[in-house]
Amino acid sequence: MIAAGADKWRPALGEPPGLQQVPEPLPHAMMAPLKPNAAGHAADFSLRIAPMMVELAPQVVISTIGYNDKIPGPLMRVREGQPVTVDVVNETDVPEYVHWHGLFVPSEVDGAAEEGTPPVPPHGRRRYQFVATPAGCRWYHSHTEAMLDLHRGSYTGQFGFLMIDPANDPGSYDQEVFLALHEWEAFLTTTDQDPELPDPNDPMPEKPAKPDLRPNGLEVSAPLYSINGKMLGAGDPLRVRPGERVLIHLLNASASQIHRIGLFGHHFHVVALDGNPVPEPQSVDVIEIAPGERVDAIVEMNFPGVWILGELRDVARQSGMGIVVEYANQAQPRPQWIAPARARTLWDYTIFGKPSPHPPPDQIIDMVFEKVPGSPHGINHWLVNGKEYPHDREFLLHRGNRYRLVFHNRSDDSHPVHIHRHLFELVEINGKPTAGIQKDTVIVPAFGRVAVDLIAGQPGLTLFHCHIQQHMDFGFKALFRYV
Ligand SMILES: [Cu+2]
């Protein structure tokens, strides 16, 4: 998905055909069963959920479920404040949910069963309607429970970009690229294929005095990796010219893995996290991105050659997670991978923030995450404040109040936790204070502690969960209720 030649934000799909027929902004977002020819006006977008084959590379063809036979699904590009209608047809045998990740939408439209959104029934259809807000790089994906079926929910190809262009132009660039990371053919294994190397500088404020010696449960791994549905070398290269500024919208649509991405000889000038402009854009050599997260970065193409933009781990990159960056008029046929400089520098959100005080919160809500290793059925289960989902009335919000959520990760895995329908502001990462960074998903490092401020401005049931599908399915979620 490459939108070439743009030096300002513009709709890549042209004017949505149904838009002109909407006489005025919808009074409220809604979700209704879709009756053919009876819906009043045409949809801006339509999604067809159906089984499909994906040619990841020549002779590497897998079967999955996707949107409109495309990986990723169609780029939905809209303007901030625009009313959007999406018709969804489900050609599978199971109920599906399309979640609008990072948008301020009502619970009934959000695409989460826990919040009461009605499903798109098997072999049925449903219409989603909402107002596109806030501006930024958002995305949509299946929010269906998978449990032990590794061909459902976020294990599938059901993901796509939803780009909400701001009313004002955020800056100039020569080329805009959307890159979605994903793995395929997930399986359960006792081997941790994504080991986190211990770092002597990691403070681990939540590490218990005694290690947990219980045997770990089965983890999800995958043999095949891709960017935009193609393994490294199988898709079109990203073609650039010296001096070009390329805006990359990076999305981790993985069900299970945090990825680290580099491009030798170049820097990523990070301008937005989860679609939200950061207070202090900074250049980094490596982007770390967890399931659910987005990073927008501008790369100045000033190191001609034929390079691999890819995962730092050899096994992931050699299994497909990379894309060739090809400068014009290069004779060199073979793309080169060289580990980027400063590859071992820990990812630190706080460099993109600025130190400034936060207003005092109305209430502090502590959330403690713990693992129950390997039980029952050999799968790790997850506790939030001592229990698996559901939580009935533990987490209550009053509209307009400021809540400081303090995430205590008492497990040896990093967890990208996501709050639906809201943004939150980072306050502290492992003791380092920060301000001004708005996100909807944040990595709570292994044995780490993260504090965020949430302003309760979106009444309605609100789902909180780890964005690693297996963790979410086995207990790692909670509902916030407005009272
Ligand atoms: Cu998790």
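The points below concern a predicted model and take up its copper site, aromatic pairs, salt bridges and two individual acidic residues.

1. The copper site. The copper ion has three protein donors, namely ND1 of His-415, SG of Cys-466 and ND1 of His-471, which lie 2.0 to 2.1 Å from the ion. Along the sequence these donor residues follow the spacing H-x50-C-x4-H. Because His-415 belongs to strand S28 (residues 415-419) while His-471 belongs to helix H2 (residues 469-473), the two histidines tie together parts of the chain that are 56 residues apart in sequence.

2. Accessibility at the copper site. Both histidine donors can be placed with respect to the protein surface: His-415 is buried, with a relative accessibility of 0%, and His-471 also counts as buried, its relative accessible area being 4%.

3. Aromatic pairs, with a stacked example. The whole structure contains 17 aromatic pairs. In one of them, Phe-303 and Trp-307, the ring centres are 5.2 Å apart and the planes meet at 20°, so this pair is classed as stacked. The two partners fall into separate accessibility classes, since Phe-303 is partly exposed at a relative accessible area of 33%, whereas Trp-307 is buried at 6%.

4. A tilted pair across the sequence. Phe-369 and Phe-476 have ring centres separated by 4.7 Å, and their planes stand at 50°, so the pair counts as tilted. Phe-369 is part of strand S24 (residues 363-372) and Phe-476 sits in the loop between H2 and strand S35 (477-482), which means that the pair ties together parts 107 residues apart in sequence. Phe-369 and Phe-476 are both buried.

5. The aromatic cluster and a charge over a ring. The tilted pair is not isolated, for Phe-369 and Phe-476 belong to one aromatic cluster together with Trp-382, Phe-395, Phe-407, Phe-464 and Phe-480. Elsewhere among the aromatic side chains, Tyr-389 has the charged end of Lys-477 sitting over its ring, at 4.7 Å from the ring centre.

6. Salt bridges, with a partly exposed example. A search of the whole structure gives 26 salt bridges. One of them joins the side chains of Asp-69 and Arg-48, with an N to O distance of 2.6 Å. Since Asp-69 is in the loop between strand S4 (60-67) and strand S5 (76-79), and Arg-48 is in strand S3 (residues 45-57), this pair ties together parts that are 21 residues apart in sequence. Asp-69 is partly exposed at 45% relative accessibility, and Arg-48 is likewise partly exposed, at 29%.

7. Two buried salt bridges. Arg-77 and Glu-176 form a salt bridge whose closest N and O atoms are 3.0 Å apart. This pair links distant parts of the chain, with Arg-77 in strand S5 and Glu-176 in strand S11, 99 residues apart. Arg-77 is buried at 3% relative accessibility, and Glu-176 is buried at 1%. A further salt bridge is formed by Arg-404 and Asp-453, for which the closest N and O atoms are 2.7 Å apart. With Arg-404 in strand S27 (residues 402-409) and Asp-453 in strand S33 (residues 449-455), the pair ties together parts 49 residues apart in sequence. Arg-404 counts as buried at 17% relative accessibility, and Asp-453 is buried with a relative accessible area of 3%.

8. A salt-bridge network. Through salt bridges that share partners, Asp-274, Glu-293, Arg-294, Lys-439 and Asp-440 are joined into one network. Glu-293 is also among the residues touched by Glu-288, a list that further holds Ile-258, His-259, Arg-260, Trp-347 and Ile-443 once residues up to four places away in sequence are set aside. Glu-288 itself is in strand S20 (residues 286-289), and it counts as buried because its relative accessibility is 17%, below the 20% cut-off.

9. Asp-174. This residue is located in the loop between strand S10 (159-165) and strand S11 (175-184), and it is partly exposed, with a relative accessible area of 33%. The side chain of Asp-174 reaches the backbone nitrogen of Arg-245 at a distance of 2.7 Å. The C-alpha atoms of Asp-174 and Val-246 are separated by 5.9 Å, although these two residues are 72 residues apart along the chain.

Terms used:
Residues are numbered from 1 along each chain as its sequence is written. This is a predicted model: local features need pLDDT of at least 70, side-chain atom pairs count only at pLDDT 80 or more; totals for chains, interfaces and linings use all residues. Side-chain values use heavy atoms; hydrogens and water are left out. Helices (H or I, at least four residues) and strands (E, at least two) are DSSP runs, numbered from the N terminus. Buried means under 20% relative accessible area, exposed over 50%, partly exposed in between (1.4 Å probe, protein chains only). A polar contact is a pair of N or O atoms within 3.5 Å; within protein, one must be able to donate a hydrogen and the other to accept it, and residues adjacent in sequence count only if both atoms are side-chain atoms. Donors are N, O and S atoms within 2.8 Å of the metal (3.2 Å for Na, K and Ca); water is not among the atoms, so sites may look incomplete. Rings of Phe, Tyr and Trp (its six-membered ring) pair if their centres lie within 6.5 Å; planes under 30 degrees apart count as stacked, over 60 as edge-to-face and the rest as tilted. A charge sits over a ring if NZ of Lys or CZ of Arg is within 6 Å of the ring centre and within 35 degrees of the ring normal. Contact means heavy atoms within 4.5 Å. A salt bridge is a side-chain nitrogen of Lys or Arg within 4 Å of a carboxyl oxygen of Asp or Glu.
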